Amino acid sequence: MKEHRHILFHIHHCRGIGLKGTKRILESLQKFHSIFDLSPSTLQQITLSTAVNSELFYKDLHSFNSDRYKKLYSENDIDWITLLDEDYPALLRNVYDPPFLLFLKGNRNLLHAPKKLAIIGSRNATTYTDKILRDMIPQLVKKGVVIVSGLAKGADTVAHNETIQSGGQTIGVLGGGFNHIYPKQNEGLARYMMKHQLLLSEYPPYIKPEKWHFPFRNRIISGLSDAVLVTEAREKSGTFITADYALNEGREVLCIPGSIYEPLAEGTNSLIQEGARIVLSIEDIFSELGV
């Protein structure tokens with residue numbers, strides 16, 4: 001098993017096949033090390049990738065220096081955990097397409113906090129989100145609830161900052177590697193969280209964030225959490241995507257209702273109409289989390 005996790009680390013850094021290709025390889029091979037004996041054409045057949053991508057993966061597979069990067073990560077206090085490890089977060093393990101590998105900076109014990117609440121909302125959140133979170137988060141912190149969010153502008157930033165200011169603990173899930181914090185305005189917050197809270201990413205530190213990374217990483221935000229709280233959101237927004245992941249993963253979606261005249265309430269009101277739990281007080285959240 002120890003050998004397998006190191007091979008998984010190696011594969012994770014190879015370009016060309018992505019998460020689904022990696023999944024197909026792991027399902028096909030009884031002994032992971034046999035991957036190094038496979039030809040590009042066999043890899044293509046297993047991963048269902050293009051010939052070009054299979055060649056790229058084959059090239060990286062036989063040239064990537066895992067030991068060098070493990071040493072580099074260690075020197076920069078970057079930890080990593082694989083789906084094969086016993087201490088991989090149980091909630092996340094059971095989602096659809098869990099990340100095979102997570103990079104961590106900070107207090108990895110937060111992964112196993114007994115109660116975690118994801119807080120998500122619009123990047124253009126109004127003072128309504130500010131007021132709600134500044135009222136509710138200190139009360140959640142007193143109950144020992146760890147706040148999970150995505151370090152984006154708007155609701156995410158408020159959630160992380162308010163948790164820290166309240167003396168609580170928070171986890172940030174990035175859409176790129178640690179060396180490329182986005183948005184730039186949150187670099188200071190990210191550096192602080194790397195030392196005193198926890199940041200994690202499924203992408204190696206040198207990977208720049210791509211637009212499609214952000215909706216995809218939302219499965220991790222909801223997957224780590226016992227429930228998801230939505231403050232404000234437009235319909236068909238990134239927040240909506242996270243709510244969909246949460247529902248598919250069997251997580252309760254909690255929504256703050258808003259005015260029917262407010263565009264940023266369209267998403268939350270719609271989710272409530274579709275069956276999400278309405279939040280009218282902090283007690284509604286306490287009840288859902290069992291705290």
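The questions and answers below go through the sheet, the cores, the largest pocket and some single residues of a predicted model.

Residues are numbered from 1 along each chain as its sequence is written, and side-chain values use heavy atoms, with hydrogens and water left out. In this predicted model, local features need pLDDT of at least 70 and side-chain atom pairs count only at pLDDT 80 or more, while totals for chains, interfaces and linings use all residues.

Me: In what order do the nine strands of the open sheet lie?
Reply: Strands (E, at least two residues) and helices (H or I, at least four) are DSSP runs numbered from the N terminus. Two strands pair if DSSP finds at least two bridges between them. The pairing in this open sheet is mixed, and the order is β1-β2-β6-β5-β4-β3-β7-β8-β9.

Me: Which are the edge strands?
Reply: An edge strand here pairs on one side only. That holds for the strand at 79-82 and the strand at 277-278. They are β1 and β9.

Me: In β2, what is the bridge partner of I81?
Reply: β1 is joined to β2 (residues 101-106) by four bridges, and the two run antiparallel. Along this pairing, T82 stands opposite L101. The partner of I81 is L102.

Me: In β6, which residue is the bridge partner of K105?
Reply: β2 also pairs with β6 (residues 198-201), through four bridges and again antiparallel. The partner of K105 in that strand is L199.

Me: How many of the six residues of β2 are buried?
Reply: Buried means under 20% relative accessible area, exposed over 50%, and partly exposed in between (1.4 Å probe, protein chains only). β2 is largely enclosed by the rest of the structure, because most of its residues meet the buried criterion. The count is five.

Me: In β4, which residue is the bridge partner of K116?
Reply: Three bridges join β3 (residues 116-120) to β4, and these strands run parallel. Both faces of β4 (residues 146-149) are covered, with I147 and S149 buried on one side and V146 and V148 buried on the other. The partner of K116 is V146.

Me: At about what angle does helix α12 run to β8?
Reply: Axes are lines fitted to C-alpha atoms, for helices over the stretch in contact, and angles run from 0 to 180 degrees between N-to-C directions. α12 (residues 266-273) lies across β7 (227-230), β8 (252-255) and β9. Its angle to β8 is about 130°.

Me: Which residues have the most contacts inside the largest nonpolar core?
Reply: A nonpolar core is a set of buried Ala, Val, Leu, Ile, Met, Phe, Trp, Tyr and Cys residues joined through side-chain atoms within 4.5 Å. The largest one has 48 residues. Apart from it lies another core of 21 residues, including L229 and F286. In the largest core, the residues with the most contacts are I35, F57, L200 and L224.

Me: Which element gives the most residues to the lining of the largest pocket?
Reply: On a 1 Å grid over the protein atoms alone, a pocket is an open set of points where a 1.4 Å probe fits, with protein on both sides within 12 Å along at least five of seven lines, and lining residues have an atom within 4 Å of a point. The largest pocket holds about 540 Å³ of space, and of its 21 lining residues the closest to its centre are H12, C14, G18, L19 and Y203. Two or more residues each come from α1 (2-12), α2 (18-28) and α10 (213-223). With three residues, the element that gives the most is α2.

Me: How far apart in space are F9 and Y69, C-alpha to C-alpha?
Reply: F9 lies in α1 and is buried, with a relative accessible area of 0%. Outside four places in sequence, F9 is in contact (heavy atoms within 4.5 Å) with residues including S66, Y69 and W80. F9 and Y69 are 60 residues apart in sequence, and their separation in space is 9.9 Å.

Me: What is the relative accessible area of S66?
Reply: S66 is found in α5 (residues 66-75). Beyond four places in sequence, S66 touches F9 and H10. S66 counts as buried, and its relative accessible area is 9%.

Me: Is H4 buried or exposed?
Reply: H4 is another residue of α1. Leaving aside neighbours within four places in sequence, H4 is in contact with Q30, K31, F32 and L84. At 19% relative accessibility, H4 is buried.

Technical notes: Points joined across faces, edges and corners; volume = space filled by probe spheres on them.
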